[in-house]
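Trainee: I am new to this structure. Could you take a close look at a single part of it, the backbone in its loops, and set that part in the context of the whole chain?

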Amino acid sequence: MDAQFWHQRWRENLIGFHQESVNPHLQRFWPEVVAPARGTTLVPLCGKSLDMVWLGKRAPVLGVELSEQAVAAFFSEQGLQPRRDREGAFERWHSGNLTLYCGDFFELETAQTRAVSAIYDRAALIALPAAMRPAYAAKLTELAPPGCQLLLITLAYPQAQMEGPPFSVDEAEVQALFGGHWQIRSLLQEDILERESRFRQRGLSALTEQVSLLQKTPPPPA
Ligand SMILES: C[S@@+](CC[C@H](N)C(=O)[O-])C[C@H]1O[C@@H](n2cnc3c(N)ncnc32)[C@H](O)[C@@H]1O
């Protein structure tokens, strides 16, 4: 999944992943399990998700998105006129509590995420093919300060039945990707095939949504 793939998706408005309302798992679990906002919430591969508006009412948000079209749509659909400037490899769009970096997430540096205390990943890890997921998990681990929490929403299904994205990422893979540096707690596993007709039409015989809470462990004493 290279940058061109995503730019074309946005150009052709093939954005079935975009939700017209705030994610219910975010609303349910964020207040319960994610520690009261101490810092910024990082939203990798953020698209123009309305979840950032919800999160931005609680704490500063830092979204990262490849597509300028998505970033521009996010602010204009919120009726906001962001300030724009350069920040390292990114163009920064900023209004109030909402900052979006337009550029490649893999270019983000730890100096830019020092204030981050929580991460929200919905449809980001599962947007990436298997070969890219270890690098994504390693980048999140590098960027997350110790103690940082990550609310992770993933899908699992028989991968042979459908081409991604979204890709299937089961609990075992979450463990393999993050287990070394994060404590992982499963919050929810739900069979959602019945209500997801678009995935049934694409040939799936099973589809589970998983919500996990991860906490970055401190580095071992030297
Ligand atoms: C499946 S969408 C999910 C968007 C959002 N998380 C949501 O819930 O609506 C994945 C998004 O990641 C963006 N993207 C893909 N690769 C990226 C990268 N390397 N850096 C930043 N954004 C990227 C795409 O343009 C797309 O908007």
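**The loops and their setting**

Mentor: The protein chain has seven helices and nine strands, in a model that is predicted. Its radius of gyration is 17 Å, which agrees with the value near 17 Å for a compact globule of 222 residues. The C-alpha trace spans about 50 × 45 × 30 Å along its principal axes. Of the 222 residues, 36% count as buried. Among contacts with a separation of 6 or more, 66% are between residues 24 or more positions apart.

Now the loops. Most residues other than glycine have a negative phi, and most peptide bonds are trans. The places below depart from one or the other of these habits.

Start with the loop between β7 and α6, where α6 covers residues 171–178. Pro165 is found in this loop, and so is Pro166. A cis peptide bond joins Gly164 to Pro165, with omega at about 0°. The next bond, from Pro165 to Pro166, is also cis, and its omega is near 0°.

The strand that leads into this loop has a part in the interior. The largest nonpolar core has 57 residues, of which Leu100, Ile119 and Leu150 touch the most other members. Strand β7, residues 149–156, gives the most to this core, with six residues. As for Leu100, its contacts beyond four places in sequence are Cys46, Gly63, Glu65, Val71, Phe74 and Trp93.

Two other loops each hold a residue other than glycine with a positive phi. Asn13 lies in the loop between α1 (3–11) and α2 (24–33), and its phi is near 60°. Ala123 lies in the loop between β6 (116–122) and α5 (133–143), and its phi is near 65°. Their surroundings can be read from neighbour counts. Asn13 is exposed because its count of other C-beta atoms within 10 Å is 9, and 12 or fewer is the limit for that class. Ala123 has 20 such atoms within 10 Å and is therefore buried.

For a residue in a strand, take Gln215, which lies in β9 (residues 208–216). Gln215 has 19 C-beta neighbours inside 10 Å, so it counts as partly exposed. Trp182 is 33 residues away from Gln215 in sequence, yet their C-alpha atoms are 5.2 Å apart. Beyond four places in sequence, Gln215 is in contact with Gly147, Gln149, Trp182 and Gln183.

Notes:
Residues are numbered from 1 along each chain as its sequence is written. This is a predicted model: local features need pLDDT of at least 70, side-chain atom pairs count only at pLDDT 80 or more; totals for chains, interfaces and linings use all residues. Helices (H or I, at least four residues) and strands (E, at least two) are DSSP runs, numbered from the N terminus. The radius of gyration is taken over C-alpha atoms; the globule rule is 2.2 Å times the number of residues to the power 0.38. Two residues are in contact if their C-beta atoms, placed from the backbone, lie within 7 Å. A nonpolar core is a set of buried Ala, Val, Leu, Ile, Met, Phe, Trp, Tyr and Cys residues joined through C-beta atoms within 7 Å.
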